[in-house]
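Trainee: I'm new to this one. Could you take me through a single part of it slowly, and tell me what I should be looking at?

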Amino acid sequence: MSDRESNVGIDQNRVIVFDTTLRDGEQSPGATLTTDEKLQVADALVALKVDVIEAGFPAASPGDFEAVREIARRSKGVTVAGLARANGKDIERAAMAVRDAEHPRIHTFIATSDIHLNHKLHMTRDEVLDRVRTSVALARSFVSDVEFSCEDATRSDWDYLVQVFQAAIEAGATTINVPDTVGYTTPTEYVALMEHLKTNVERIDEAVISVHCHNDLGMATANTLAAVGAGARQVEVTINGIGERAGNTALEEVVMALQTRGERFGGGYTEVETTRLVPVSRLVSGLTGLQVQVNKAIVGANAFAHEAGIHQDGMLKERTTYEIMNPQDVGWEGTRLVLGKHSGRAGFRNALKELGLVLDESRVQDVYERFLELADRKKHVTGADIAALVADEVAGEDGSYELVRWNAAIGTGGAATASVVVRKDGGERSGDGDGNGPVDALFAAIDAAVGLENELEYYHVEAVTPGEDAQGQVHVRVRAGGQLYTGHGLATDIVEASAKAYLAALSHLEQERPDTVLMGSSTSRWS
Ligand code: KIV
Ligand code: ZN
């Protein structure tokens, strides 16, 4: 799939799955991932058998560049794409970042709607057309696999789109992408646009037609599938549908719709390993802090739950009365795996495999030790517990704040008080605080110890599994300087999980904005 020949040479019904969780998905408010977290997601995407990983936007920051380069180096059997605006600097950065990939791709884009040309780019249509030619040609001078996107295609003039895509193909684009950037189109309109392009763009059969939808009107999956029915052969999707605003098309929905009803969409099929869908969904929601709604198709907690008596009765008689997919086929079985402290290392490794979690040896050891600690406190450790431990392990990196000790006291009628000791890079700091309940008091103590100005925007606690001994998973989002930073924490005690989550968010904040204002009230010192 890495060059023009292989793009068009594969089975004509095979739909290329282009995953943009690490690029468009990571642009979700507050979903920023560290490099280690991105690598963990990339490994899971390889195991999921997506065809293309859009690993990031290398020109955006040195951190993005490094993450794309690292993903390109380690991800085998998959194409790794780097995004670039249609200008020389971005394209050169993207080329450098993907250079070591087994199958490198440069994905370059420019807006084509008059709204964007007039108000954002301040360019004429002819200027944009020229830019398309030079940018695609430049990208082709670095790699043989070049994707070109018309940003805001669905609000662009259709005949102008024909000119632009034709110019891109002539300049060497091997994939042409038709994004519904603002989630505006409808299935029938998108199909008509596909037909228009297929009829009017000369040499269109030399490129793969790709679709990229946003979910502003809740039609991203419907639009994507309609386009596949009309001949698109690449779908740009994200795990759990995360992405800008209302998100992007959800990978799991498109993959399972094609698996279940492919005949309704021109016989399109993918080669995604569907049993990995639920584990990857959990990993991404654990790392980004973006929860999956319980009634979310395929990967939501209730997606295969049957509550109504009539339904339960039908299910007991014959599963297919109320289930159009088998929960095992999308990986729910793996999450029900149960382990205990006697399961041993081999059982633990097997659980990781079943869950589709790929870890290097030192991480296997770290997570195994945490698993043993958990198994001492929790009777049944499930696949969900292990996925949560893995996500948590990735989060605890060098340079981040670590919770050493904490204490919180609360009684009737009075404010709660708390004290904390945190460690960073070998130095320890302590702080005291009070507040409305133990979590509030502990956060005040952490503020006193760490001294980073921020506003708590979001706090969410959930149990990883049912039961009194469940681990609590806490997601926290803080705002500083107009940016959001997330953190998550895991512990059988939710106050402790809260402290860990808050410290993780503050670590992200500090790592990305080392210039952050220290709060005047902080009196503690590193020791
Ligand atoms: O939504 C969009 O238009 C994009 C492009 C960069 C492909 O994300
Ligand atoms: Zn997008």
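**Where two domains meet, and what sits around the ligand**

Mentor: Sure. Domain 1 and domain 2 bury about 1100 Å² between them, with carbon and sulfur atoms accounting for 61% of it. Keep in mind that this is a predicted model. To place those two parts, look along the protein chain: it is divided into domain 1 (3–288), domain 2 (333–395) and domain 3 (402–512). Between the C-alpha centres of domain 1 and domain 2 there are 34 Å. On the domain 1 side 13 residues take part in the contact, and on the domain 2 side 14 residues do. If you want a few to click on, try Gln-40, Pro-279 and Arg-282: together they supply 39% of the area that domain 1 buries against domain 2, more than any other three residues.

Now move over to ligand 1. Its surroundings include Phe-109, Ser-149, Glu-151, Asn-177 and His-212. By type, the shell residues come out as two nonpolar, six polar and three charged. Some of the neighbours pair up with ligand oxygens. Arg-23 has a polar side-chain atom 2.9 Å from an oxygen atom of ligand 1, and for Asp-24 the corresponding distance is 3.1 Å. His-214 joins in too, with a side-chain N or O atom 3.1 Å from an oxygen atom of ligand 1. As for cover, ligand 1 taken alone exposes 260 Å², and the protein buries 95% of that. To trace the shell back to the fold, follow strand S4 (103–111), strand S5 (146–151) and strand S6 (175–180), the elements that each give two or more residues to it.

Notes:
Residues numbered from 1 in each chain as written. Chains lettered and ligands numbered in written order. Predicted model: local features only at pLDDT ≥ 70, side-chain atom pairs only at ≥ 80, totals over all residues. Heavy atoms only, no water. Near = heavy atom within 4 Å. Polar contact = N/O pair within 3.5 Å; in protein donor to acceptor, adjacent residues only side chain to side chain. Areas by Shrake-Rupley, 256 points an atom, 1.4 Å probe, with all protein chains shown as cover. Helix = DSSP H or I, 4+ residues; strand = E, 2+ residues; numbered from the N terminus. Nonpolar A, V, L, I, M, F, W, Y, C, P; charged D, E, K, R; others polar. Domains from an automatic or database assignment. Contact = heavy atoms within 4.5 Å. Buried area = accessible area lost by both parts, 1.4 Å probe.
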